[in-house]
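The following exercises concern contacts, burial and side-chain pairing in one protein chain. Please work through each task before reading its solution.

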Amino acid sequence: MVRAGLTAERLAQAGAELADEVGFDQVTVSAIARRFDVKVASLYSHVKNSQDLKTRIALLALEELADRGAAALAGRAGKDALAAFANVYRDYAREHPGRYAAAQMRLDPAVAAAGAGGRHARMTRAILRGYDLAEPDQTHAVRLLGSVFHGYVSLEAAGGFSHSAPDPQETWPRIIDALDALLRNWPAA
């Protein structure tokens with residue numbers, strides 16, 4: 001018999017909350033069972049295993065991040081869109097560190113294609129249309145932005161900037177300014 005109220009979606013949401021509390025690597029079906037005060041076996045009618053649970057959390061995180069990105073980009077272009085999008089990633093990583101880690105999980109290509117990852121790519125490319133970059137430079141720029149956003153928020157979360165001046169709050173807008181300048185003056189091949 002399926003326990004009333006338990007669904008794969010509810011387990012993924014609980015897993016996302018747990019990931020934010022203790023870290024994505026610590027999320028297991030057993031940990032979720034303890035959270036709901038049920039036997040582990042009762043959860044296997046909703047998720048296959050811990051990998052399936054983590055995949056569901058990753059998809060949830062990607063969807064949340066895409067929704068925030070779409071809302072932030074509405075009506076914006078150029079540097080304004082770039083800054084809004086960058087801030088979505090940074091804010092999400094700060095507010096939901098476990099979910100942000102989940103969003104970095106490598107997914108099976110078919111699962112990834114069905115998730116919100118494509119929305120992220122389309123939003124990034126929409127921002128880059130304001131900079132008039134043709135292929136393959138647009139793909140290079142997508143990779144650059146992802147690398148800078150992820151690299152900065154990962155280093156910041158790990159305390160990598162806490163030991164020196166200036167404050168990371170001052171550095172972040174300077175990075176956005178530098179990215180904007182680079183995108184407006186993309187080097188020729």
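Helices are DSSP runs of H or I with at least four residues, strands are runs of E with at least two, and both are numbered from the N terminus. The model is predicted, so local features need pLDDT of at least 70 and side-chain atom pairs count only at pLDDT 80 or more, whereas totals for chains, interfaces and linings use all residues. Residues are numbered from 1 along each chain as its sequence is written, and side-chain values use heavy atoms, with hydrogens and water left out.

**Exercise 1. Locate D52 and describe its surroundings.**

Step 1. D52 belongs to helix 3, which covers residues 50-73.

Step 2. Burial is assigned from relative accessible area: under 20% is buried, over 50% is exposed, and values in between are partly exposed (1.4 Å probe, protein chains only). D52 is classed as buried because its relative accessibility is 16%.

Step 3. A contact requires heavy atoms within 4.5 Å. When residues up to four places away in sequence are not counted, D52 touches H46 and V47.

Step 4. For the annotation, UniProt places the feature "domain: HTH tetR-type" at residues 5-65, in an unreviewed entry. UniProt positions follow the numbering used here, feature names are shortened, and annotations may be inferred rather than shown by experiment. The span of residues 5-65 is 64% helix and 0% strand, and its end C-alpha atoms lie 26 Å apart.

**Exercise 2. Check the length of helix 1 and identify what covers its buried residues.**

Step 1. The expected span of a helix is 1.5 Å times one less than its number of residues. Helix 1 (residues 8-22) has 15 residues and should therefore span 21 Å; its end C-alpha atoms are 20 Å apart, which agrees.

Step 2. The buried residues of helix 1 include A8, L11, A12, L18 and D20.

Step 3. The cover over these buried residues includes helix 2 (29-36), helix 3 and helix 5 (97-103).

Step 4. After helix 1 comes G23, with a positive phi near 105 degrees.

**Exercise 3. Trace the aromatic pairs that involve F149.**

Step 1. Rings of Phe, Tyr and Trp (its six-membered ring) pair if their centres lie within 6.5 Å; planes under 30 degrees apart count as stacked, over 60 as edge-to-face and the rest as tilted. The structure holds six aromatic pairs.

Step 2. Y89 and F149 make a tilted pair, with 6.0 Å from centre to centre and 35 degrees between the planes. This pair links distant parts of the chain, since Y89 is in helix 4 (residues 78-95) and F149 is in helix 8 (residues 137-157), 60 residues apart.

Step 3. Y89 counts as buried because its relative accessibility is 14%, and F149 counts as buried because its value is 4%.

Step 4. F149 also forms a tilted pair with W172, at 6.4 Å centre to centre and 55 degrees between the planes. Because F149 lies in helix 8 and W172 in helix 9 (residues 168-184), this pair ties together parts that are 23 residues apart in sequence. W172 is buried, as is F149.

Step 5. Ring pairs join F85, Y89, F149, Y152, F161 and W172 into a cluster.

**Exercise 4. Examine salt bridges within and between helices.**

Step 1. A salt bridge is a side-chain nitrogen of Lys or Arg within 4 Å of a carboxyl oxygen of Asp or Glu. A search of the whole structure finds 14 salt bridges.

Step 2. In the salt bridge between D20 and R99, the closest N and O atoms are 2.7 Å apart. D20 lies in helix 1 and R99 in helix 5, so the pair ties together parts that are 79 residues apart in sequence. R99 counts as buried because its relative accessibility is 7%. A network of salt bridges links D20, E64 and R99.

Step 3. R119 and E63 meet through a salt bridge of 2.8 Å, N to O. This pair links distant parts of the chain: R119 is in helix 7 (residues 117-129) and E63 is in helix 3, 56 residues apart. R119 is partly exposed at 24% relative accessibility, and E63 is partly exposed at 34%.

Step 4. R174 and D177 form a salt bridge with the closest N and O atoms 3.9 Å apart. Both residues lie in helix 9, three residues apart, about one turn of the helix. R174 is exposed at 57% relative accessibility, whereas D177 is partly exposed at 28%.
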